[in-house]
Every structure is written in structure tokens, then in C-alpha cells.
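Q: I'd like to learn how to read the strands and helices here. Could you walk me through them?

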Amino acid sequence: MQAEGSSLYRLAVAAESDGGGNETAVVTEADRLHMRRALELAARGLGATYPNPAVGCVIVDASGRVLGEGFHPRAGMPHAEVYALRAAGRAAAGATAYVTLEPCNHFGRTPPCSRALVAAGVSRVVVGCTDPNPLVGGCGVKTLRDAGIVAAVGCEQQACYQLNEEFMVRMQEQAAAASNT
Ligand SMILES: [Zn+2]
């Protein structure tokens, strides 16, 4: 079951990067370090975020200085990006945001994080893995790119996927069910 879910996910990612103009998805060693930090932060929420995934976010300026960090502590609380953007304040303009999971793009209990990142003026977003949630499914990244933000997808992808494997499989099943109706 899990193996099947994982291969479905990889297929979805491959399909997206083939036609999606993903030439901007250049990821450096510094990017990987910041993403690993975001993963550490995300892990603090593990076990408390259901039905949401555990997500971490780090905002870094051009010189590599960390401006803000955040993680999603529990369902109903703000998302990781919100805490990190709050901590960074106006300095987030022109900065790079590292998020372990694609920013949400729908109005749930909180406004979409994709729009919060656009509003804050970040110039680049590095995403660990895309969100198979049928309500997000690449739309978060699309919102960023449509706003002129460089979005690199797949940094430390395997670790970001595995952190929320149960969520990933659950969302893939929902997406498959939605596409069958
Ligand atoms: Zn969000």
C-alpha cells in the first residue's frame, strides 16, 4: 500500500516537471542545509497536526542569514509559513523561503500561505515536495510562479515526503478518488 502510494506520487511529480517549465528548480547545498533545518522544525509538530501534515519553514536573506523560522504546531493553528513570515517581518522582501511541503493555496481555517508569501515579497521559494492534497496539487507552486517568484521543487524531497508519509498516502487516495468521479 505504501509502496504503491509512493510510486503514484513520483509519477505525479515527474508529470509536473516534464511540462511545468521547472528549469528554475536548481537546488544548492546551502538550500539543502536550510531545508534540513525546516525539516527539524516540522518534526516538532509531528503527532499533533492531524489531519494536517507537519510542516516547517525557514526564511533566509541573500547573505544566508536566517530571518524567521516556523512550524505548524497543531490543526487549527497557523501554518509554518505564517510564523516564519511574522518573524522575518519586512525583511522577507527579496528573501528565500524554504518550506518542507508545497504552500497551501485554498482558504481553509487560515488564508492560503501561497498568497502570504506573495504578499511578503519573497523572491524565491524552495519546496520540499508537492502536496498531493487535491485542494493544493501544484496550485500553490503555480500561484507563486504566476506572481513572478522563483519556485524550486524537490529539495530533500524524500525526507520531506517521509516525514508525512501517512498524510501523503491519504491525500493520494483522496486525489485518486476525486479523479474517478
Ligand atoms: Zn498554509
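A: Sure, starting with a bridge: in S3, Tyr 98 is the bridge partner of Val 58. Keep in mind that this is a predicted model, where local features need pLDDT of at least 70, side-chain atom pairs count only at pLDDT 80 or more, and totals for chains, interfaces and linings use all residues. Numbering starts from 1 along each chain as its sequence is written.

Q: Which strands does that bridge belong to, and in what sense do they pair?

A: Strands pair if DSSP finds at least two bridges between them. Here S1 (residues 56-60) and S3 (residues 96-101) pair in the antiparallel sense, over four bridges. Strands (E, at least two residues) and helices (H or I, at least four) are DSSP runs, numbered from the N terminus.

Q: In what order do the five strands form the sheet?

A: The order is S2-S1-S3-S4-S5, in an open sheet with mixed pairing. S2 (66-71) and S5 (150-153) each have a single partner strand, so one side of each is left without a neighbour in the sheet.

Q: Which strands does helix H2 lie across?

A: For angles, axes are lines fitted to C-alpha atoms, for helices over the stretch in contact (C-beta atoms, placed from the backbone, within 7 Å); angles run from 0 to 180 degrees between N-to-C directions. H2 (residues 29-43) lies across S1, S2, S3 and S4 (124-129), at about 140° to S1.

Q: And which residues of H3 are buried?

A: Buried means 20 or more other C-beta atoms within 10 Å of a residue's own (exposed is 12 or fewer, partly exposed in between). In H3 (residues 80-88), they are Ala 80, Glu 81, Tyr 83, Ala 84, Leu 85 and Ala 88. Their cover includes H2, S1, S2, S3 and H4 (113-120).

Technical notes. Contact = placed C-beta atoms within 7 Å.
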